[in-house]
Amino acid sequence: MIDKRALKESATFPANVLAEIHRAADQGIYDIRGFGAKREVPCFDDLLFLGASMSRYPLEGYREKCATNVTLGTRFASKPIELDIPITIAGMSFGSLGANAKESLGLAATMMGTSTTTGDGGMTSEERESSKTLVYQVLPSRYGLNPDDLRRADALEVVVGQGAKPGGGGMLLGQKITERVAGMRDLPEGIDQRSACRHPDWTGPDDLKIKIQELREITDYEKPIYVKIGATRVTYDVTLAVKSGADVVVVDGMQGGTAATQDVFIEHVGIPTLPAVRLAVDALKELDMHREVQLIISGGIRNGADAAKALAMGADAVSIGSAAMVALGCNRNAWVEDYEKIGTLPGYCHHCHTGACPVGVATQTPELEARLRPQQGALWLRNYLSTMVLEMQTLARACGKSHVLNLEPEDLVAMTIEAAAMARLPLAGTNWIPGSN
Amino acid sequence: MSNFDLDTTAVRKLNQYLHQTPADKVVVDKPGGRHSIAVGLDASVDITINGHVGYYCGGMNKLATIRIHGNAGPGVAENMMSGTMDISGSASQYAGASAHGGTLIIRGDASSRCGISMKGVDIIVAGSVGHMSAFMAQTGNLVICGDAGDHLGDSLYEAVIYIRGSVGELGADCIEKEMTAEHVQKLAALLHTAGLDHVLTDFRRYGSARKLYHFDIDHADEY
């Protein structure tokens, strides 16, 4: 009889590390998976709102107005984007997601008066028709990129990087490269596709400035142009994006999701969203461009509290990708046998790369895709977005703010020294901001 | 016919005019290396540019014929969809990058990354091309009448490369392939389009070995 109390697991080699070494020894290649970083990182949960008290008056919940609208792209574009809520849907490709999922995103975003975004695979007619406001990504791969879609988009987003894999290109494994996906990307069917990590026709900020000018010329200076970066050297990247002429900068922290990337990339490259917001806002302020160039923050935003804290730190809007997929049913406790078939369980699934998504979100297989009806998906996402907005308003009213964008750093404190240092906010109960003074 | 002198008229004015209802023929003088000249066209207009152009001339072109009497800066004909671009001189980096269709003729040399990520365009270079040409090229044809620098066709998909001169070190997964009768015929048509006359048997064909199409430990050194 073994006395289990006497068994001591190695802190250096815990069970999941042993399993990964065994897997690597079997397969001889890195693990590729979906979802975002799973490691614990300092995040918005480490911040608290102070709320109103003697020195500030709260607003009456449900009675006094707390507005949520935001305008993006006011710097150069003749047609900036007006959104009812400061939560947008992040870029996710048709290919990584099925057409039903893309349509659900568009329908829900339209119901809520916000925007959705194409991805590394071009624009589908379903998403254009279902989305009132659609942001069209210009990616290194240029899959499906064409001037007609450029013109029928409401804004353009030049993607330099992604939080899940700053410095890496996209991947889409063969099982998801169906005839339609292959056709849109000009690729052979069924191959393991590797997207480029650098744009084919520009390198560096001086080129990007000229590239942005070209996109403006093609679209007659109408569309806001976003530049999306993965959070790494945020101060420099935001500064260079602004210098290059961006109307909006999107900063995606390391918790941001992906459909297929090397696990080592997801977990070990980039910085968390929390310090990324602070660095981005500081860079914009340094340039006297805060609020002139709008800042969208993404990467692990899950609820109204996360969104409200990002706004209080100085962001103009947040963007959700993984959370929107979860609202559509990702990791929902259903079809458990199908999770088991791909070697996982509800709650742990990061198998977007397999194309065998049990809930029909990240798949191109018709039988699986049929599990997500666009109208049902749209309703779920609309409800989730509504909840986020109500949560944001609750927090903003508690802080005495009649607009969620009036939230400010002064409304926040940090609960851990790490979060205080990264967010440059005082540790709760002190006036200590580690790293300053 | 319409004339534009870019010393006295802004590129913005020219492009705005070209996006509305342009005349059948447009002549652009004194381009002076300016960027984004004649981008985003969507009409079968015939444009002659007398002089050198900067970045992205003819970017995303649809239907138009654009003749450049001079050299072209980086990214000429980038993401072209259809139509023709004909450059009398040489082209800088990334000529025809990610172009989906149409014909790009470069009568001088092309610099590095000519035809990078091309997605269906036909590119005919009368001279030589620099390194990493046809990098990740997906579909379409690249004809090189001169030589190619190192790493030609690196990570190539289904694009076809015809070359008359020497090739430096080949890129990952790019190999020489047989010139079948069908390929000779295609090459002849492409050369004819550009008005070039060469002995067809002087050309060799390169394409993808398709070894990188699926992740495989045995090809790890190529990744």
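Visitor: How many residues of chain A are in contact with chain B, and how many of chain B with chain A?
Guide: First, this is a predicted model: local features need pLDDT of at least 70, side-chain atom pairs count only at pLDDT 80 or more, and totals for chains, interfaces and linings use all residues. Residues are numbered from 1 along each chain as its sequence is written, while chains are lettered from A and ligands numbered from 1 in the order in which they are written. Two residues are in contact if their C-beta atoms, placed from the backbone, lie within 7 Å. Between the chains, the counts are 21 residues of chain A and 37 residues of chain B.

Visitor: Which element gives the largest share of the side of chain A that touches chain B?
Guide: Elements here are DSSP runs, numbered from the N terminus: helices are H or I with at least four residues, strands are E with at least two. On the side of chain A that touches chain B, the largest share is five residues, and they come from α6(A).

Visitor: And how do the residues on that side of chain A divide by class?
Guide: Ala, Val, Leu, Ile, Met, Phe, Trp, Tyr, Cys and Pro count as nonpolar, Asp, Glu, Lys and Arg as charged, and the others, Gly among them, as polar. Sorted like that, the side of chain A touching chain B has ten nonpolar, four polar and seven charged residues.

Visitor: Which strands stand at the edges of the eight-strand sheet in chain A?
Guide: Strands pair if DSSP finds at least two bridges between them. The eight strands form an open sheet with parallel pairing, in the order β5-β15-β14-β12-β11-β8-β7-β6 of chain A. Two of them have a single partner strand each, so one side of each is left without a neighbour in the sheet: β5 (87-89) and β6 (115-117) of chain A.

Visitor: What angle does helix α6 of chain A make with β11(A)?
Guide: Helix α6 (residues 204-218) of chain A packs on the sheet and touches β7, β8 and β11 (225-230) of chain A. Axes are lines fitted to C-alpha atoms, for helices over the stretch in contact, and angles run from 0 to 180 degrees between N-to-C directions. For α6(A) and β11(A), the angle is about 145°.

Visitor: Is α2(A) parallel or oblique to α14(A)?
Guide: The axes of α2 (residues 99-112) and α14 (residues 374-398) of chain A come within 8 Å and cross at roughly 45°. Under 35 degrees counts as roughly parallel, over 145 as roughly antiparallel, 65 to 115 as roughly perpendicular and the rest as oblique. That crossing angle is why α2(A) is described, relative to α14(A), as oblique.

Visitor: At what angle does α10(A) cross α14(A)?
Guide: Helix α10 (residues 304-312) of chain A meets α14(A) through G304(A), A305(A), A307(A) and A308(A). Among their partners in α14(A) are T387(A), M388(A) and L395(A). The axes of α10(A) and α14(A) come within 8 Å, and the crossing is roughly 55°.

Visitor: Over in chain B, how far apart are the C-alpha centres of domain 1 and domain 2?
Guide: The bounds come from an automatic or database domain assignment, which gives chain B domain 1 (1-79 + 88-96) and domain 2 (109-223). Seven residues of domain 1 are in contact with twelve residues of domain 2 of chain B. Their C-alpha centres lie apart by 27 Å.

Visitor: What is the bridge partner of D86(B) in β6(B)?
Guide: Strands β5 (residues 84-87) and β6 (residues 103-106) of chain B run parallel and are joined by four bridges. In β6(B), the partner of D86(B) is I105(B).
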